[in-house]
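Visitor: I have a chain open here and would like a walk through it. Can we start with the basics and then go to the ligand?

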Amino acid sequence: MTIHGLMRSTILAGMAAFAFGTSAQAADWRGWNIHPEGYPNTIALEKFAKDVTDKTEARVSAQVYSNAVLGDQPDAIDQVRNGALDFANFNLGPMGEFVPSINALSLPFLFSSVEQMHAVMDGEIGQRFSDDMSNEGIVALAWFDSGARSFYDTQRPIEKPEDLDGLKIRVMNNQLYVDMVDDMGGNATPMAYGEVYQSLKTGVLDGAENNFPSFESSNHYEVAKYYSLSEHLILPECVCISQTSWDALSPEDQELVRQAAVDASAEQRRLWAEQEKTSRAKVEQAGVEINEIADKTPFQEKMKPVYESFYESYPDLQPLVEEIQSTKVSG
Ligand code: GTR
């Protein structure tokens, strides 16, 4: 072969490899979602998937699988970490089992308000959390709202910690929540979200804890008629991408995906504010008794050992917790 012929075949081979490489790179992304159709997070995550598909001109074709059909949350976190799933909306509660610093967010009564949570997460501290997640293979692109979680049960209103005595309360998968409920006086039972309804119905559980939209959409309100406004956890949620899927994108596509997540988060927060009101109204109409807790101090006092043992396990995180607590809400 002449030198020209050699060059030409090398160029042709290169072009073929490029063409093949480009089509091989078109990715089908599977996204995990725990919530049903119509839930604010589902609508926002579907918007994210559509934006990603449209804006990348289907170089990434993203699809959301709702109702936890792809597995329960701890499994899904693990699958995003190892690249078996591409993206998800996760609650940062169960995330703490994988990324220790995230556990700071699960300290009961950490935030003074949802506004303070957003101020923290949308600022420099939130960036530190997403760096820590990224070291564990999970890229957090934007934060969703999840309101405040309160106790609900089938037995009685919870007005003081003693009212939890002997009640079997479902918690999400995280040792911190087991300690939280046990130290308040209840019996904590970690359980997958999808099993709670039946367990409340059959008396395996007496109660659980969640925000109004999830209390309603899970139908737990049909069985648990007392919702007590303890507001003990204000947990952020994320739009998260597997580091493996992220690294396979060009820098331009990464930017498109990031923007889609930021837009989805703005939509989620807007829908969330409405849903909190409609869900609360719906459960009240269905006969749920909503109890204000005039003084939360007795619950907060009981959480001292939870903080102490957290600081013992993670002495490095104490300054971070204090920084969070002293974050001011601007505006
Ligand atoms: C919801 C949250 C879900 C899941 C669920 C639970 O509020 O959005 O991701 O964590 O609570 O209690 O398991």
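**Overall layout**

Guide: This is a predicted model. The chain has 14 helices and 11 strands.

Visitor: What does the C-alpha trace span along its principal axes?

Guide: About 90 × 45 × 40 Å. Of the 331 residues in the chain, 43% are buried. Among contacts with a separation of 6 or more, 76% are between residues 24 or more positions apart.

Visitor: Which domains does the assignment give?

Guide: Domain 1 is 28-145 + 235-277, and domain 2 is 148-234 + 289-314. Their C-alpha centres lie 24 Å apart. The contact between them takes 25 residues from domain 1 and 23 residues from domain 2.

Visitor: Which elements give two or more residues to the domain 1 side of that contact?

Guide: Helix 3 (73-81), helix 4 (92-95), helix 5 (114-121) and helix 11 (251-285). By class, the residues on that side of domain 1 are 15 nonpolar, seven polar and three charged.

Visitor: Now the ligand. Which residues surround it?

Guide: Ile-34, Gln-73, Asn-91, Gly-93, Ser-146, Met-172, Tyr-193, Asn-210, Asn-211, Ser-214 and Glu-237. That shell has three nonpolar, seven polar and one charged residues.

Visitor: Which domains does the shell draw on?

Guide: Domain 1 and domain 2 each supply at least three residues to the shell.

Visitor: Asn-91 and Glu-237 are both on your list. Where does Glu-237 stand with respect to Asn-91?

Guide: Glu-237 is the bridge partner of Asn-91 in strand 10. Strand 3 (residues 87-91) and strand 10 (residues 237-242) run antiparallel and are joined by five bridges.

Visitor: What sheet are strands 3 and 10 part of?

Guide: An open sheet of five strands, in the order 2-1-3-10-4, with mixed pairing. Strand 2 (60-65) and strand 4 (138-144) are at the edges with a single partner strand each, so one side of each has no neighbour in the sheet. On average, neighbouring strands in this sheet are turned by 25° against each other, direction ignored.

Visitor: Asn-210 is in the ligand shell too. What about strand 8, are its faces covered or open?

Guide: Both faces of strand 8 (residues 207-210) are covered. In a regular strand the side chains alternate between the two faces of the sheet. In strand 8, Gly-207 and Glu-209 are on one side, Ala-208 and Asn-210 are on the other, and all four are buried.

Visitor: Which way does strand 5 run against strand 8?

Guide: Antiparallel, with four bridges joining strand 5 (residues 149-153) to strand 8. Tyr-152 stands opposite Ala-208.

Visitor: Different topic: backbone oddities. What is phi at Glu-57?

Guide: Near 50°, a positive value in a residue other than glycine. Most residues other than glycine have a negative phi. Glu-57 is in the loop between helix 2 (40-55) and strand 2.

Visitor: Is Glu-57 buried or exposed?

Guide: Exposed: 11 other C-beta atoms lie within 10 Å of Glu-57, and a residue counts as exposed at 12 or fewer.

Visitor: And Phe-109, what is its phi?

Guide: Phe-109 has a positive phi of about 60°, although it is not a glycine. Phe-109 is in the loop between helix 4 and helix 5.

Visitor: How many other C-beta atoms lie within 10 Å of Phe-109?

Guide: There are 19, so Phe-109 is partly exposed; buried would need 20 or more.

Note on methods: Residues are numbered from 1 along each chain as its sequence is written. This is a predicted model: local features need pLDDT of at least 70, side-chain atom pairs count only at pLDDT 80 or more; totals for chains, interfaces and linings use all residues. Domain bounds come from an automatic or database domain assignment. Two residues are in contact if their C-beta atoms, placed from the backbone, lie within 7 Å. Ala, Val, Leu, Ile, Met, Phe, Trp, Tyr, Cys and Pro count as nonpolar, Asp, Glu, Lys and Arg as charged, and the others, Gly among them, as polar. A residue is near a molecule or strand if its C-beta atom, placed from the backbone, lies within 6 Å of it. Two strands pair if DSSP finds at least two bridges between them. Axes are lines fitted to C-alpha atoms, for helices over the stretch in contact, and angles run from 0 to 180 degrees between N-to-C directions.
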